[in-house]
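Here are a few short exercises to work through with the model open on your screen. Take them one at a time, and try each before reading its solution.

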Amino acid sequence: MSRIGKLPINIPAKVEVKMADNSIHVKGPKGQLSQQLVAGITVNIDGTVITVERATDGKQHRALHGLYRSLINNMIVGVSQGFTSQQELVGVGYKASNQGQLLDLVLGYSHHFIFEIPEEVKVTTKQEKGQNPTIILESADKQLLGSVAAKIRSLRTPEPYKGKGVKFTGETLRRKAGKSAAKK
């Protein structure tokens, strides 16, 4: 039995969960999400507890058991509390600003990056004196939030010598010494 898959999921007070046509629909204060289920994975809703079960002990069903339990749990946490991701722009002259769902980034290239954020993700930018510009992304969908954050990071990944680029807040980068250390 999967250690993650066999754990029950508690449903918070303001969250509504429905099963229809082999898919699960979750609705809460932060939005609504749905997930299609694979054949062989069943979801049982008993009052305020959800359990995920698999049909057989085959390799494919064992692999999907914990995955679908985690996906459903992330949906419930997302619609009740939401997820946030913060990114810093480290570098001289790096800037971030937004107008609605359009994110304008200056990352040291000869041009600006205009990035359109999906409607499900709320974006805010913060630029305080003496601090690096910060991009704050909020969403109920953890998968979408992660892919948008990864796309923004891929525009200028942090380099290992000075650490310049787009990095997650609190992320520690592996730094290299550079050429001067080799001259000893």
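**Exercise 1.** Which residues does Val 17 touch, not counting residues up to four places away in sequence?

*Solution.* Keep in mind that this is a predicted model. Start by locating Val 17, which sits in strand 2 (residues 16-20). Next, list its contacts: Ile 11, Ile 24, His 25, Val 26, Ile 45, Ile 50 and Ile 76. Now pick one of them, Ile 50: 33 residues separate it from Val 17 in sequence, yet their C-alpha atoms are 9.2 Å apart in space.

**Exercise 2.** Decide whether Val 17 is buried or exposed.

*Solution.* Buried means under 20% relative accessible area. Val 17 has 15% relative accessibility, so Val 17 counts as buried.

**Exercise 3.** Find the buried residues in helix 2 and explain why they lie on the same side.

*Solution.* First, trace helix 2 over residues 142-154; its 13 residues reach 18 Å from first C-alpha to last, close to the 18 Å expected. Second, pick out the buried ones: Leu 145, Val 148, Ala 149, Ile 152 and Arg 153. Third, they share a side of helix 2 because they cover an arc of only 140 degrees around the axis. Finally, look at what they pack against: strand 7 (83-90), strand 9 (102-106), strand 10 (113-116), strand 12 (134-139) and strand 13 (165-168).

**Exercise 4.** Which residue caps the N-terminal end of helix 2?

*Solution.* Look for a side-chain oxygen by the backbone nitrogen of Gln 143: one from Asp 141 lies 3.3 Å away, and Asp 141 is the cap.

Technical notes
Residues are numbered from 1 along each chain as its sequence is written. This is a predicted model: local features need pLDDT of at least 70, side-chain atom pairs count only at pLDDT 80 or more; totals for chains, interfaces and linings use all residues. Side-chain values use heavy atoms; hydrogens and water are left out. Helices (H or I, at least four residues) and strands (E, at least two) are DSSP runs, numbered from the N terminus. The expected span of a helix is 1.5 Å times one less than its number of residues. Buried means under 20% relative accessible area, exposed over 50%, partly exposed in between (1.4 Å probe, protein chains only). The arc is that of the directions from the helix axis to the C-beta atoms. Contact means heavy atoms within 4.5 Å. A polar contact is a pair of N or O atoms within 3.5 Å; within protein, one must be able to donate a hydrogen and the other to accept it, and residues adjacent in sequence count only if both atoms are side-chain atoms.
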